Each structure stands twice: as C-alpha cells, then as structure tokens.
Amino acid sequence: MPELPEVEVTRRGIEPWLVGQTVRRLVVRNANLRWPVPEVAGQIVGQTIRAVRRRAKYLLLDTDAGTTIVHLGMSGSLRILTRATPPAKHDHIDLELANGCVLRFNDPRRFGAWLWCELPEQAHPLLSKLGPEPLTEAFNPQYLQQALNGKSKAMKLCLMDNAIVVGVGNIYANEALFAAGIHPQTAGERVTVEQLLVLVAEIKAILAQAIEQGGTTLKDFVNADGKPGYFAQKLLVYGRGGQPCLHCGSLLSEIRLGQRSTVFCPTCQPAKASKAVSKPKNRPTD
DNA sequence: AATCGGGCCTGCACGC
DNA sequence: TGCGTGCAGGCCCGAT
C-alpha cells in the first residue's frame with residue numbers, strides 16, 4: 001500500500017523524467033477510478049510540466065494551465081516507460097510526453113484518482129483542509145498538542161486524521177504509537193506532552209527511514225516491474241498480532257479501530273499513562 | 001461540532 | 001482443482 005514514503009519515492013522517481021517535458025497525449029483507458037477521470041483532465045495536453053510535487057499522498061503535476069492531481073489509493077502505481085509497451089491489465093492511464101516517454105498509471109483496486117484543477121490547487125476541496133506535512137517543522141509537539149485539544153476519539157484515529165497530520169496511514173500509525181508507548185485507544189486529548197514529544201520524533205524518524213529505504217529502488221525505477229520497494233522494512237507491531245512483542249515479549253494484542261487492524265503491546269503501551277515505560281530500542285534497519 | 005460507519009474495488013489467503 | 005468467503009485499506013461523505 002502506498003503510504004507517504006512510497007508516494008515520495010514515486011515522486012522522486014518520476015520527477016526527472018517529467019519536468020520540462022511537453023505533454024503530447026493523455027490516454028484514459030478506464031476512467032472509473034475513485035472518481036471518474038474528468039474530461040478536463042485532457043487540458044494537460046500541450047502543456048509543459050513545470051514541477052512534480054507532493055502534498056500528503058497526492059502527487060501534483062504542475063503546468064501553466066493547471067495541475068493534475070494523482071492519488072495512488074490502495075494499489076496504484078506510476079511507471080516511466082522509455083519505449084513502447086503494450087498496456088497490461090489495470091493500466092488505466094498513459095501520459096505521453098513529446099520525448100516519447102510515457103507515464104503510466106496502474107491501479108487494480110481503482111481506489112486511486114486522476115484529477116485536474118485550475119490554479120491554485122490549494123483551493124481544491126481535496127487539498128484545502130489538509131494538516132501539516134509530518135516531515136516539516138510545522139509538525140511539532142506544540143502544534144500536535146493544540147490540534148488534539150478537545151479530541152475525545154482514539155489517538156490512533158487522530159494520527160490518521162488528515163486534518164491533524166497528513167500521510168500517516170494505518171501501518172505507520174501502529175508503529176509510531178508502539179514506538180512512543182501510547183495505547184492506541186487513548187483519547188487524543190489525554191496523551192501527555194512527554195508522549196507527544198516522543199511520538200512526533202518517532203513519526204518523523206520512521207517516515208524518513210522508509211523514504212531512505214525506498215530510495216534504493218530509485219535507480220531501477222524504469223525497470224520492468226517498476227515497483228518502489230521499501231516493503232523489506234521491518235515492522236515491529238503491524239501484522240504481528242498474537243506474536244511476542246520484540247521489546248518485552250508480551251503477546252501483541254490486535255483490535256479493530258475505525259474498521260482498521262490495530263496492533264499494540266499491552267505492556268509497552270499501557271491503557272493508563274505510565275512514567276515507567278521506556279521507548280523500544282534497536283529498531284531493526286536492514 | 002465531532003465522531004462513527006458505509007462504501008468503493010480487486011487480489012489473495014484461506015477452508016472445504 | 002475450484003469454488004466461495006473474508007479480509008485488506010485511504011478517504012470521502014452521510015448519518016448520528
């Protein structure tokens with residue numbers, strides 16, 4: 001699943017191939033994504049791509065006429081093709097460039113999106129209510145504390161709330177809460193300042209590490225499978241429900257929170273804040 | 001106003 | 001072997 005690191009790795013991978021290029025053609029084979037690909041998406045044709053940016057998990061292709069907004073959803077991916085390649089199953093969209101390269105969008109589950117918006121994109125309803133980027137200075141313990149003010153819902157759901165902070169999906173929410181010793185069901189407003197300090201640092205560290213790992217596939221980005229692959233990343237709790245905690249050996253609990261699988265260590269992440277909990281050390285880094 | 005839960009969609013891991 | 005079933009999940013939006 002593309003989380004923020006994977007989207008950023010994708011952005012870095014496609015950017016050098018797109019910037020400065022003029023769009024020759026947009027081929028939409030299947031417009032039925034999360035929302036129908038709008039007719040106006042074709043306005044990118046004839047435009048020169050000025051920049052490839054990322055906001056939250058959205059990729060933004062800037063032109064003078066407007067911005068293409070791409071979301072990879074659950075299963076989407078983008079590849080750069082340097083020579084003619086017949087479309088495979090789920091290859092829904094091609095963006096053909098004047099230099100002959102093609103940006104190809106593949107998305108089996110079609111939870112992704114391909115939209116168009118006239119400048120400025122900040123006004124777009126999908127982007128206008130987003131919280132800060134987790135890897136910027138704007139996301140800090142002081143900010144998070146005030147953002148959680150009055151939030152009675154579970155801290156894990158707060159972390160996954162894009163109005164509070166963007167780009168923290170289910171996997172990283174689980175991992176970050178474990179790293180910070182916070183029980184996922186703790187009400188957002190009840191999380192202590194000390195915990196928020198650790199949590200913010202852990203979120204930044206985990207995401208940055210994942211981007212680095214994805215970076216190893218950058219040089220192979222145009223290869224046949226084209227999959228950014230930080231999948232090798234070691235996860236300490238996600239997907240490990242019922243198995244021993246790698247920090248204390250207790251069996252990890254698995255519950256559902258907001259219909260999503262939630263794994264935590266009942267010892268390292270006690271329901272009530274405890275001063276005795278030390279943060280897990282030696283996060284594996286392969 | 002804040003929060004909860006439904007729905008979108010396909011591939012895969014299961015069990016029989 | 002080939003079914004059917006259930007689950008995975010980001011994110012919008014309607015219901016509470």
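Two strands pair if DSSP finds at least two bridges between them. Keep that in mind for this tour, because strands (E, at least two residues) and helices (H or I, at least four) are DSSP runs, numbered from the N terminus. What you have open is a predicted model, where local features need pLDDT of at least 70 and side-chain atom pairs count only at pLDDT 80 or more, while totals for chains, interfaces and linings use all residues. Residues are numbered from 1 along each chain as its sequence is written, chains are lettered from A and ligands numbered from 1 in the order in which they are written, and side-chain values use heavy atoms, with hydrogens and water left out.

**Stop 1: chain A as a whole**

Colour chain A by secondary structure and you'll find five helices and ten strands. Of its 286 residues, 51% count as buried (under 20% relative accessible area; exposed is over 50% and partly exposed is in between, with a 1.4 Å probe and protein chains only). Now think about contacts, meaning heavy atoms within 4.5 Å. Among those in chain A with a separation of 6 or more, 67% come from residues 24 or more positions apart.

**Stop 2: the open sheet**

Select β1, β6, β7 and β5. These four strands form an open sheet in the order β1-β6-β7-β5, with antiparallel pairing. Which strands stand at the edges? They are β1 (23-28) and β5 (77-81), and each has a single partner strand, so one side of each is left without a neighbour in the sheet. From one strand to the next, the twist averages 15°.

Add helix α1 (residues 4-18), which packs on the sheet and touches β5, β6 (91-97) and β7. The direction of α1 makes about 30° with that of β5 (axes are lines fitted to C-alpha atoms, for helices over the stretch in contact, and angles run from 0 to 180 degrees between N-to-C directions).

**Stop 3: strand β7**

Zoom in on β7, residues 102-106. Is this strand enclosed or open? Five of its five residues are buried, so β7 is largely enclosed by the rest of the structure. Turn the strand over to see both covered faces: Val 102, Arg 104 and Asn 106 are on one side, with Leu 103 and Phe 105 on the other.

Next, show the partners of β7. It pairs with β5 in the antiparallel sense over five bridges; Leu 78 has Phe 105 as its bridge partner, and Arg 79 stands opposite Arg 104. The pairing of β6 with β7 is antiparallel too, over five bridges, and here Asp 91 stands opposite Asn 106. Follow the chain between β6 and β7 and you'll see a hairpin with four residues between the strands, where Gly 100 in the turn has a positive phi of about 95°.

**Stop 4: DNA strand B**

Show DNA strand B and the residues near it (a heavy atom within 4 Å). There are 13 of them, and the closest are His 90, Pro 108, Arg 109, Arg 110 and Ser 152. By class, this surface has three nonpolar, four polar and six charged residues (Ala, Val, Leu, Ile, Met, Phe, Trp, Tyr, Cys and Pro count as nonpolar, Asp, Glu, Lys and Arg as charged, and the others, Gly among them, as polar).

Try two backbone spots: a backbone N or O atom of Ser 152 lies 2.8 Å from a phosphate oxygen of the strand, and a polar backbone atom of Lys 153 is 3.3 Å from a phosphate oxygen. For a base, select Arg 34, where a side-chain N or O atom is 3.5 Å from a base nitrogen of DNA strand B.

**Stop 5: DNA strand C**

Stay on Arg 34 and bring in DNA strand C: a base oxygen of that strand is 2.4 Å from an N or O atom in the Arg 34 side chain. In total, 19 residues surround DNA strand C, and the closest are Arg 34, His 71, Tyr 238, Arg 256 and Arg 260. This surface divides into eight nonpolar, five polar and six charged residues.

Which part of DNA strand C does His 71 approach? An N or O atom in the His 71 side chain is 2.7 Å from a phosphate oxygen. Arg 256 has a polar side-chain atom 2.6 Å from a phosphate oxygen of DNA strand C.

**Last stop: Ser 261**

Finish in strand β10 (residues 260-264), where Ser 261 lies. Not counting residues up to four places away in sequence, Ser 261 touches Lys 156, Asn 170, Asn 174, Glu 254, Ile 255 and Arg 256.

Technical notes
A polar contact is a pair of N or O atoms within 3.5 Å; within protein, one must be able to donate a hydrogen and the other to accept it, and residues adjacent in sequence count only if both atoms are side-chain atoms.
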